[in-house]
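Colleague: Could you take me on a close look at the aromatic residues in this model? I would love to see how the rings are arranged and what lies around them.

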Amino acid sequence: MKFCDIPGHDEVKRRLKDMVLGGGRLPHALLLEGPVGAGKLSLARATAQLIHCTNPGADGEPCGECRHCLQHREFNQIDTIYSYPVVKGRGGSATTSDDYADEWRRMLAEQPWGDEELWLRYLGNENAQPAIFAEESVSISRKLSFTSHDASKKIVIMWLPERLNVTAANKLLKLLEEPLEGVMFILTSDHPRQILPTVYSRLQRIEVPAYSEHEMAQWLMDAKGADAESARSAAALSGGNLIAAERALAARDGSSGEMFTRYCEMMRLAYQRDVRSLKRWSTDMASLGREGLIRWLRYASEMTRKNFCMNIGMGNLCAMPQDERQFSQRFSRFVTVNNTEGIERQLQSAAIDIAGNSQAKLVLFDMAVKIIMLIHRSQTAS
Ligand SMILES: [Zn+2]
C-alpha cells in the first residue's frame, strides 16, 4: 500500500512521511484516530511499508518494487505483525489473529477500507462481538521476542485497539511501558475514547479526519470513474466514509440494489407458485432491454451460486452486501444440490436466447415457470 493509493489526507501523509524519513526517532507507539472509513488502516500499512522499504522515492513513497514492498503487498512481510479483533472459536475456545489470517488477507485484498461490519462478514458471524483477547497479547509478545529476521524494524499494526479486553489491554500496556528496541506499534482506532486510558496515554496520536465532500467526490471520479454528478451526490451521502461513498455510488448506479430486488421478487413468486404475477414480472423485466437483462441474468446466476455456497456452509467465502446476505440466510435452504445446477442452467440459457434476439418476455416467463418446479424440488432426492 502506497500513500498515493489512499485518497486525500495530504497533511497526515506529510506528517507520516516526515516521521519516517526525517531522520528523527520513530515513536514506539503511534495511534491513528478518526472516524470509520477515513482510511486509517491503509495509512498505517503505507507507513509500515515505508519504514521497511529499502529504496523510498524522493516523493516520500515506498518504492513498491523492493523485496519488502512486494512482501507488504502480499501481506507476508515477516517483521509486520497484524493484530485485530476476532471471535471465539467453537465452544468458546480462545482465538488469536493468526486463526483468522486468511480471512484478514482476503478482506484487505478485496476491500482495503474494510470496516468492522464487513470484517464480521468475513469472519462468518455477523452477530458476534469481536474482541482482542488476552491470548493475542501473549502471542504478540512471543513474536516480538524473536530476533528480527532482517534486522528491520518489527511493526505491530493493531486495528481497533478499543476491542482489547481488559486483560489483553493490561498485557499490551506492559509492552508499551517497557518498549523493546526495534519495535514499533501503529494502532488505528475508530473509537479512541473506548481505549483503556492507561494505554491511550502512552500513544503518540495523529488525528485522521473524515473526508471532505470535495475530497470524496474527487476520489470517486478519479478512482471509480464516476461522472461529476454521481460523484457529488454519493460524496454528499457518504459522511466522509470511503465505504459509504462506494455503496452510495453503487446504489445510484442502480447496480446491485435494483438487480437484487428483482431477484428476490422472482424467487418469492416462484416459491409461491404465483404464475399470474410471474407473467407480469416477465413483462416488467423485458423493459430492461437486452443488455440490461443479460447483466441481470448474470447477476441472478451469481446470486444462486452464492446461495448454494451458503447452503453447504461455505457462505463466509462469498462477499455480499448486508441486504443480500440477510435474504440469502433465509433463502439458501431452497438452493440445494438437487436444483442449483438446474436453476443456473435456466438462467444461462435465457441469457443465450435473449442475446440471440428471442422475445424477452416469453423467454423470461418460460424460465420462471421452470424455476417454480426447480425451487420445489430442493428437498427431493435426486
Ligand atoms: Zn520498497
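Modeller: Happy to! One term before we start: a residue is called buried if its relative accessible area is under 20%, and exposed if that area is over 50%. Please also keep in mind that this is a predicted model.

By that measure, both Phe327 and Phe331 are buried. Their ring centres lie 5.1 Å apart with the planes at 25°, and a pair counts as stacked when its planes are under 30 degrees apart, so this pair is stacked. Both residues belong to helix H15 (residues 322-331), where being four residues apart means that about one helical turn separates Phe327 from Phe331. In general, an α-helix has 3.6 residues a turn, so residues three or four places apart point the same way. These two rings also have company: ring pairs join Phe327 and Phe331 with Phe260, Tyr263, Tyr271, Tyr299 and Phe334 in a cluster.

The structure holds 15 aromatic pairs. Another of them brings together Trp113 and Trp219, with ring centres 5.9 Å apart and planes at 85°, so this pair is edge-to-face. Here the partners come from distant parts of the chain, 106 residues apart: Trp113 sits in the loop between helix H4 (101-110) and helix H5 (116-122), while Trp219 is in helix H9. Both Trp113 and Trp219 are buried.

Trp219 leads us to its helix. H9 covers residues 213-224, which is 12 residues, and spans 15 Å from the first C-alpha to the last, close to the 16 Å expected at 1.5 Å a residue. Alongside Trp219, the residues Met216, Ala217 and Leu220 are buried in H9. Together these four cover an arc of only 160° around the axis, which puts them on the same side of H9. The face turned away from that buried side carries His214 and Asp222, which are exposed. Just after H9 comes Gly225, with a positive phi of about 65°.

Finally, what lies over the rings? Two lysines are worth finding on your screen. Lys88 lies over the face of Phe133, 4.6 Å from the ring centre. Lys279 is placed over the face of Phe365, at 5.8 Å from the ring centre.

Technical notes. Residues numbered from 1 in each chain as written. Predicted model: local features only at pLDDT ≥ 70, side-chain atom pairs only at ≥ 80, totals over all residues. Heavy atoms only, no water. Helix = DSSP H or I, 4+ residues; strand = E, 2+ residues; numbered from the N terminus. Expected span 1.5 Å × (residues − 1). Buried < 20%, exposed > 50% of the residue type's maximum accessible area, 1.4 Å probe, protein only. Arc of directions from axis to C-beta. Phe/Tyr/Trp six-rings, centres within 6.5 Å; stacked < 30°, edge-to-face > 60°. Lys NZ or Arg CZ within 6 Å of the ring centre and 35° of its normal.
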